[in-house]
Amino acid sequence: MNLLKVPMNIDELKSVATAIVTKPKGLLAADESNPTIKKRFDSVGVESTEENRRRYRELLFVTKNIENYIGGVILFDETLRQSSSDGTPFPALLSRRGIIPGIKVDKGAKPLALYPGEKVTEGLDGLRDRLAEYKQLGARFVKWRAVIEIDEHDVPSSYAIRTNAHALARYAALCQEADLVPIVEPEVLMDGAHDIGRCEAVTSQVFEKVFAHLDAHRVLLEGMLLKPNMVLAGKKCPRQPSVQEVAEATVRCLRRYVPAAVPGIVFLSGGQTPEEATAHLNAMNAMGSHPWELSFSYGRALQEPVLSAWKGKESNVEAAQRVFFKRCRLNGLAREGKYSPEMETTDQ
Ligand code: 13P
């Protein structure tokens with residue numbers, strides 16, 4: 001590819017992508033759509049009003065010293081337009097702290113017509129104009145999530161994998177044209193009873209197709225980040241692999257399919273407990289050096305204990321922020337292979 005002819009700011013894309021995953025940093029995924037954050041709030045008895053969502057996101061963003069471990073935050077459309085209680089727009093508040101603001105731009109995974117049980121992510125129509133507005137509002141990177149389910153029969157189909165890979169690549173090209181770093185997220189779900197081998201096989205097929213489509217769409221690999229699932233057994237699988245098995249299978253799969261030009265891999269947590277997500281990341285980084293930074297972009301694994309500590313009460317804000325800082329710090333240590341499970345009780 002002759003990069004000189006491709007209209008994008010290569011230096012800016014590379015520098016934002018590498019800044020986000022500079023050791024020991026990772027991402028906070030705080031981009032829950034309104035229906036998703038409602039589910040999270042319901043679980044701790046908080047009403048999902050616009051003001052409660054704003055208060056909760058403010059609690060996260062102003063937590064002291066998280067900038068040591070959080071290089072960027074993925075926001076939802078509503079949050080990108082909200083401000084802190086002193087009137088500072090959230091993107092400006094984060095930028096001032098050295099945390100790069102990003103935005104989720106997909107419109108969710110919808111049923112794939114004529115393929116029962118499979119989904120395709122929508123949101124490409126009008127995306128070029130939406131990206132221009134998000135850039136103006138302060139976003140410097142963008143996220144799109146594709147969802148791949150595994151069942152006992154013929155799901156996922158190769159068509160569902162291909163069509164989701166195609167949408168991810170079209171999205172990524174539009175982002176780079178707008179000088180925004182795309183986070184490419186193909187998530188193989190951990191629902192179901194499949195074993196770790198099946199997850200590895202499906203994740204391999206997904207990576208193979210995603211990188212073929214990214215290449216066809218002329219996406220600059222140095223100016224993007226990959227946000228994959230770890231290679232795990234399904235939640236209902238009777239044989240759950242050890243932390244080391246997960247780390248080895250995930251790294252093996254990545255080494256086979258993810259080009260070294262990609263600067264960073266930021267895992268989603270996908271339903272793992274916070275402790276599991278940290279232990280798996282730690283084990284991968286402890287295996288030695290890798291061609292890419294191995295980091296985190298956790299939603300639930302960073303926020304679950306925070307929500308439980310907060311429960312919507314002003315008097316709980318400090319305790320919730322302590323819990324949040326602790327998870328950020330432990331994942332920062334996991335980025336360097338320096339975490340151990342005992343820290344869960346000793347690190348306050
Ligand atoms: P989880 O870490 O909760 O899976 O969320 C990450 C995310 O951004 C999913 O799109």
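Cys199 is buried in this predicted model, with a relative accessible area of 2%. Cys253 is likewise buried, at 1%. Why do Cys199 and Cys253 form no bond? The sulfur of Cys199 has its closest cysteine sulfur in Cys253, at 7.8 Å, and this is too far for a bond. A disulfide requires the two sulfur atoms to lie within 2.5 Å, so this pair does not qualify. By this rule, the count of disulfides is zero.

The interior of the protein may be considered next. In soluble globular proteins, nonpolar side chains tend to be buried together. Here, the largest nonpolar core has 95 residues, and Phe61 and Tyr171 are those with the most contacts inside it. Helix 7, which covers residues 158–177, supplies the largest share of this core, namely nine residues. A second core, separate from this one, has 18 residues, among them Leu13, Val21, Leu27 and Val266.

The surroundings of Phe61 can be followed residue by residue. When neighbours within four places in sequence are left aside, Phe61 is in contact with Leu28, Ala30, Ile66, Val73 and Leu75, as well as with Thr79, Phe90, Leu93, Leu94 and Arg97.

Helix 11 offers a further place to examine. Which residues of helix 11, spanning residues 300–310, are buried? They are Ala301, Leu302, Gln303, Val306, Leu307 and Trp310. An α-helix has 3.6 residues a turn, so residues three or four places apart point the same way. Just after helix 11 comes Lys311, which takes a positive phi of about 50°.

Note on methods. Residues numbered from 1 in each chain as written. Predicted model: local features only at pLDDT ≥ 70, side-chain atom pairs only at ≥ 80, totals over all residues. Heavy atoms only, no water. Core = buried A, V, L, I, M, F, W, Y, C linked by side-chain atoms within 4.5 Å. Buried < 20%, exposed > 50% of the residue type's maximum accessible area, 1.4 Å probe, protein only. Helix = DSSP H or I, 4+ residues; strand = E, 2+ residues; numbered from the N terminus. Contact = heavy atoms within 4.5 Å.
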